[in-house]
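Work through the exercises below with the sequence and the coordinates open. Each task is followed by a solution in steps.

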Amino acid sequence: MGSYFGAALCAVDINHDGCDDLLIGSPMYKTKIAMEGKVDVYISQCTARISFWDPKSLFGSKGRNAQFGNAIAEVGDLNNDLYNDVVIGAPFEDDNIGCIYIYNGGKEGLINDTVQRICGGAVKSLSGFGWSISKSVDVDKNGYNDFAVSALISNKVAILRGRPIIEVSVDMDLNNANLSESNIINITLIFLYNTKYSSSNDLVLGYKLEVDTATVRPNKRLRLSDGVGSDTEIEEKVTLQRNKNVSKTFTAVLKSNIADFFTPLKFNLSYCIHSHKNFVDKLRPIFNRKKDVLKVLRFEKQCLSDDECKADLVLLMRHTGKVFVNETKKITLEVTILNHQDDAFSTTAMFKFGDKISYYGMKNIGNGDVSCLEQRERVECDVANPLSKEGKVEFLLEFKVSIIVLEEIDQPIVVDGEVMTQSEEKHPSDNIKRLMIPLELIAVPELNVKTASTPVKYNKEDQLSINNSDSFVMATDFIIHNLGPSYLPETTAVFRIPMTVPGGNMLFTYTDIHVTRENISLECDIKSEDNGTNPTISLLTTTQKEVSTLRAENLNKESIANVQRNILVTKQAVTGCQFATCLMVRCKVPEIAAYKQIILSLHLNFSNAHDVFKILDYLQIAIDMEIINEANTYLAPWKRIHSIRVQLSFLADMISGKPINYIWVAVASAAGAFCCIMFLWFLIWKYRCCVTKMQREIHVIKRESIKRRTRRQTSHEGVQYKSIGGECSSKL
């Protein structure tokens, strides 16, 4: 079924431009609901040729089978706004009860929202209400627009009478109050009652005047001298006559010793109809009420030439230095707040931050007097009151850095700052700043190596044997220790292993090398590097060369004997990446916690080196290992290269059956022993001779001393001495 487009037509000047506009009803129009209906509104372009703007559609309440748009009628200016209004019928809405919709005209056409919906149930229980609608007509000759609406099912017609519209104009004048010159404010209220109907009588209007509405008791800063029951508000009635101004004057006084002199003073005037007398036919009037009257009086002084008191705050935040995970314990933010225009009253700042940092304290710079209070994950600071024009405040905010887990390393420390003022702000976008501080890691690796005791012995006979073992694989452990303080993220271990010996003989192939960690093989990238050098194997001209010494903990009689047996070398080679083709092995090193270590084991298979060991009596292999940071942008650059070199020495077991060598060694040893014994005997003999001579000399000296003492005693005692001596002699 069609939509019955054009079932109802109405030509009316909706937008008051002198040209008729067109409304077209489609009562059978449907979408998901059966026959809800619609009305298309076409606005005329007022040209010689008939043309309309793109239509705007009205749908009522979209009731099922409502048939909205079955009737359309112009009813004149119902609301006294100089624009024609329109009534649209939906006769079968609400289960065939029917309703009508009243739309007001306007400058842009019909207003989308209906201003009034009247259904048949409210008009003596009519059904099919809105089947047809008449144009506006003053049925009772009282000056108000009326119109008739038919009810098809009830077979009746209802006359809807227009009600008077009351317009009240209310204004408030502060009489150019200037708080910098006087603390008294004269307030004048002006009321004007207007209606186009001459039969209207006086109107009683109730009003309420409130002062300093921006603050609450007991902090109000104004007092009304004419207040009734309250010193901050007045509530009264006023009787108004049509088209006559009525004024009321009140005085407000600024209280002394007020603290808040930056929040503007606000005055509010609200009003309503209190009573209306003797309107024609006792119809209840419609009060076309406008908004409350609001006035603002500012405290600010020395405003710009445009007489607008506006601040222009700018927030700057800066952090210097770097933040290292688990190393940096405290960070400092430099905060600067500028004001480029009028005074900014009650200037405050707020800083929000996450759980990576916690507030520690603040320090003023210069003559600032900023104070801050910590809340949950934010800091609120009182900056200045006021912050004067071209003023600047600087201070420092200090934060402690929390322990940061590995999953959050890629998330920077974020600090959101905002500066606020109770003054009007010219450029609010400058008041908000976000500071993002990236995190970095600082971790220092320490490298050590653990390998078999050197020199490693091998057998040059028919079958290659290393350390008397059937295995040709040798493992070297590289220990990577993280000295902290941060964790060491994923890095790369690079091993450089000589592939050949000087002369070109092969030591290893790609398959002879693999790296493990805790007996688990690592996936490594192996490629060759040719340094362009190829020296030959060097021949030794000396008959003896000690090539290596054992570690102190490995010394014993057997090892010393083995070294002494094998110190005669005929051919040797020293190889490294600087001498020959090099294999570069790159392995990913997993994360290492602070102060922890991991061990990478380098396994070398010497199965392909049989020919090399057949030729050489001594071989030394230099292996380099380096830790590099390739892609981790959070890790601080290392100040030095972290590398280590291990030298593996191999010594062949010499073939027995060279007695001449051992005879000379035995003769030389015996001769040396004999010389040592003779030298020791000579020292002992010399010592005994010297001791004997000294004893003789001491004995002679003692005898001479006794004789001299005896002569002295004899010369002093005379005869008595002789008699005693004679007595002694006789006794003898």
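The exercises cover the cysteines and one strand of this predicted model.

**Exercise 1. Disulfide between two strands**

Task: Decide whether cysteine 99 and cysteine 119 are bonded, and describe the link.

Solution:
- Step 1. Apply the cut-off: two cysteine sulfur atoms within 2.5 Å count as a disulfide. The sulfur atoms of cysteine 99 and cysteine 119 lie 2.1 Å apart, and the two residues form a disulfide.
- Step 2. Look at the S-S bond. The angle about the bond between cysteine 99 and cysteine 119 is 95°, and the link is right-handed.
- Step 3. Place both ends. Cysteine 99 belongs to strand S7 (residues 99–103) and cysteine 119 to strand S8 (residues 116–119); the pair, 20 residues apart, links distant parts of the chain.
- Step 4. Check accessibility, where buried means under 20%. Cysteine 99 is buried because its relative accessibility is 0%. Cysteine 119 has 16%, so cysteine 119 is also buried.

**Exercise 2. Two further disulfides**

Task: Describe the pair of cysteine 524 and cysteine 587, then the pair of cysteine 577 and cysteine 582.

Solution:
- Step 1. Cysteine 524 and cysteine 587 form a disulfide with sulfur atoms 1.9 Å apart. The torsion about their S-S bond is about 115°, so this disulfide is right-handed.
- Step 2. The pair links distant parts of the chain, 63 residues apart: cysteine 524 sits in strand S41 (residues 524–529) and cysteine 587 in strand S44 (residues 582–589).
- Step 3. Cysteine 524 has a relative accessible area of 25% and is therefore partly exposed. Cysteine 587 is buried, since its relative accessible area is 1%.
- Step 4. In the pair of cysteine 577 and cysteine 582, the sulfur atoms are 2.1 Å apart and form a disulfide. A torsion of about 50° about the S-S bond makes the link of cysteine 577 and cysteine 582 right-handed.
- Step 5. Cysteine 577 is buried at a relative accessible area of 9%, and cysteine 582 is buried at 1%.
- Step 6. Set these pairs in context: a search of the whole structure gives four disulfides.

**Exercise 3. Cysteines without a partner**

Task: Why does cysteine 676 have no bond to the closest cysteine sulfur?

Solution:
- Step 1. The closest cysteine sulfur belongs to cysteine 675 and is 6.9 Å from the sulfur of cysteine 676, so the distance is too far for a bond.
- Step 2. Cysteine 676 counts as exposed because its relative accessibility is 54%.
- Step 3. Cysteine 690 is likewise in no disulfide; the nearest cysteine sulfur, from cysteine 689, is 6.8 Å away. With 38% relative accessibility, cysteine 690 counts as partly exposed.

**Exercise 4. Faces and neighbours of a strand**

Task: Which residues of strand S30 make up the covered face, and which the uncovered one?

Solution:
- Step 1. Recall the pattern: side chains in a regular strand alternate between the two faces of the sheet.
- Step 2. Assign the residues. In S30 (residues 413–420), Ile413, Val415, Gly417 and Val419 are on the covered face, while Val414, Asp416, Glu418 and Met420 are on the uncovered face.
- Step 3. Find the neighbours. Strand S25 (residues 347–353) runs antiparallel to S30, with six bridges joining them. Strand S32 (residues 432–437) is also antiparallel to S30 and joined to S30 by six bridges.
- Step 4. Match residues across the strands. Valine 419 in S30 faces alanine 349, and isoleucine 413 stands opposite isoleucine 437 in S32.

Definitions and conventions
Residues numbered from 1 in each chain as written. Predicted model: local features only at pLDDT ≥ 70, side-chain atom pairs only at ≥ 80, totals over all residues. Heavy atoms only, no water. Helix = DSSP H or I, 4+ residues; strand = E, 2+ residues; numbered from the N terminus. Buried < 20%, exposed > 50% of the residue type's maximum accessible area, 1.4 Å probe, protein only. Pairing = 2+ DSSP bridges.
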